[in-house]
Amino acid sequence: MLTFNGSVFMPSVLTLIGIPGLESVQCWIGIPFCVMYLIALSGNSLILVIVKHESNLHRPMYIFLAMLGATDIALSTCILPKMLGIFWFHLPDISFEACLLQMGLIHSFQAIESGVLLAMALDRYVAICNPLRHASIFSRQLLTHMGVGVTLRAAILTAPCLVLIKRGLKHYRTTVISHSYCEHMALVKLAAEDIRIHKIIGLFVAFTILGLDIIVITVSYISIFITIFRLPQKEARFKAFNTCIAHICVFLQFYLLAFFSFFTHRFASHIPPCVHILLSNLYLLVPPFLNPIVYGVKTKQIRDHVLNVFFSKRHLDH
């Protein structure tokens, strides 16, 4: 590793320290994180299997739910194995290329998850505000285009950040990242060079994805609520509102954690690093953990199929 004027020139290996200030208890913090990961993995996998094998669930709402489950599995798998390696096995080192790959995958899957939540909101909007045209609008072709579009958007907007770091940053003050995974600003702040362009692009990407998505989702739900409250029958209002509750819960926990993590990392310097890193970890781990639970409890069709799976197994055992 070459050094120049006290800085490191193009380091080949970086070090992730985990949670700053909590190194002594990281082994214990890893236990609930591991439990959350296992529940996320099993819960989302179960939803994927149910949606795949039950033909009556081959509808837009459940196809989007399956997309969300697959994204959650990929997102949590990008972060947890390495994090547990740091917490439990004292393996903090990561190659520069692997760090960039992890950063790119994490931010891409975050963007895909936001896009899927947007697609789910639009699906609910059409289903409630224009139900007669829902089947013709949300065709298989449109679902495919939406899935491809969400993935391409994530890749196109994430790629410039990776290229700028790889090609633009040569000298680093340190190779130690005060984080438990490779995050864009955590990596950029190591540089001994001007990083203003990286901050600008990071803000642009965040607001292009999260900002626009949250605006469209909010407008969609305002229109949905207006339509629901105009329904003449109380039972119809309750039924329509009930189909949205699960998505609203997922939407709120994802975006609230996302914006808190994003702004504290850039603007809230008075917040202790351990608090910020813990919240950043929870932002990546809580949605994959909670989503299958929320949809399993609040979505009758999913709940019924899950119960059928377990009760049919018990019946066979007896």
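**Cavities, a disulfide and one bent helix**

Five helices, namely helix 3, helix 5 (140-168), helix 7 (196-229), helix 8 (234-266) and helix 9 (273-298), each give at least two residues to the lining of the largest cavity. I start there, and I should say at once that this is a predicted model.

That cavity holds about 400 Å³ of space. Its lining is made of 25 residues, and those nearest the centre are His107, Gln110, Glu183, Ala206 and Phe262. By type, the lining has 13 nonpolar residues, 10 polar ones and two charged ones.

How many cavities of 30 Å³ or more are there? The count is two. The second largest has a volume of about 60 Å³. Its lining consists of Pro60, Met61, Phe64, Met120, Asp123, Arg124, Thr243, His247 and Tyr295. Helix 2 (60-89), helix 3 and helix 8 are the elements that supply two or more of these residues. Here the split is five nonpolar, two polar and two charged. Helix 3 and helix 8 therefore come up for a second time, having also given residues to the lining of the largest cavity.

Next, helix 2. Is helix 2 largely enclosed or largely open? Of its 30 residues, 22 are buried, so the rest of the structure largely encloses it. On length, 30 residues at 1.5 Å each should span 44 Å, and the C-alpha atoms at the two ends are 43 Å apart, which agrees. Helix 2 also has a kink of about 30°, located at threonine 77, shortly before proline 81.

Just after helix 2 comes histidine 90, with a positive phi of about 50°. A word of background: most residues other than glycine have a negative phi. Histidine 90 is not a glycine, yet its phi is positive. It sits in the loop between helix 2 and strand 4 (93-95), and at 65% relative accessibility histidine 90 counts as exposed.

Methionine 10 is another non-glycine residue with a positive phi, in this case about 45°. Its loop runs between strand 2 (7-9) and strand 3 (13-16). With a relative accessible area of 38%, methionine 10 is partly exposed.

Last, the cysteines. As a reminder, a disulfide is a covalent bond between the sulfur atoms of two cysteines. The model has one disulfide. Which cysteines does it join? They are cysteine 99 and cysteine 182, with 2.0 Å from S to S. The link is left-handed, at -120° about the S-S bond. Cysteine 99 belongs to helix 3 (residues 96-129), while cysteine 182 is in the loop between strand 6 (176-177) and helix 6 (184-188), so the bond ties together parts that are 83 residues apart in sequence. Both cysteine 99 and cysteine 182 are buried.

Why is cysteine 27 not bonded to cysteine 34? The sulfur of cysteine 34 is the closest cysteine sulfur to that of cysteine 27, but at 13 Å it is too far for a bond. Cysteine 27 is partly exposed, with 32% relative accessibility. Cysteine 161 is likewise in no disulfide, and its nearest cysteine sulfur, that of cysteine 99, is 14 Å away. Cysteine 161 counts as buried, at 8% relative accessibility.

Key:
Residues are numbered from 1 along each chain as its sequence is written. This is a predicted model: local features need pLDDT of at least 70, side-chain atom pairs count only at pLDDT 80 or more; totals for chains, interfaces and linings use all residues. Side-chain values use heavy atoms; hydrogens and water are left out. A disulfide is a pair of cysteine sulfur atoms within 2.5 Å. Helices (H or I, at least four residues) and strands (E, at least two) are DSSP runs, numbered from the N terminus. Buried means under 20% relative accessible area, exposed over 50%, partly exposed in between (1.4 Å probe, protein chains only). On a 1 Å grid over the protein atoms alone, a cavity is a set of points where a 1.4 Å probe fits but cannot get out, and a pocket is an open set with protein on both sides within 12 Å along at least five of seven lines; lining residues have an atom within 4 Å of a point. Grid points are joined across faces, edges and corners, and a volume is the space filled by probe spheres set on the points. Ala, Val, Leu, Ile, Met, Phe, Trp, Tyr, Cys and Pro count as nonpolar, Asp, Glu, Lys and Arg as charged, and the others, Gly among them, as polar. The expected span of a helix is 1.5 Å times one less than its number of residues. The bend at a residue is the angle between axes fitted to the seven residues ending there and the seven starting there.
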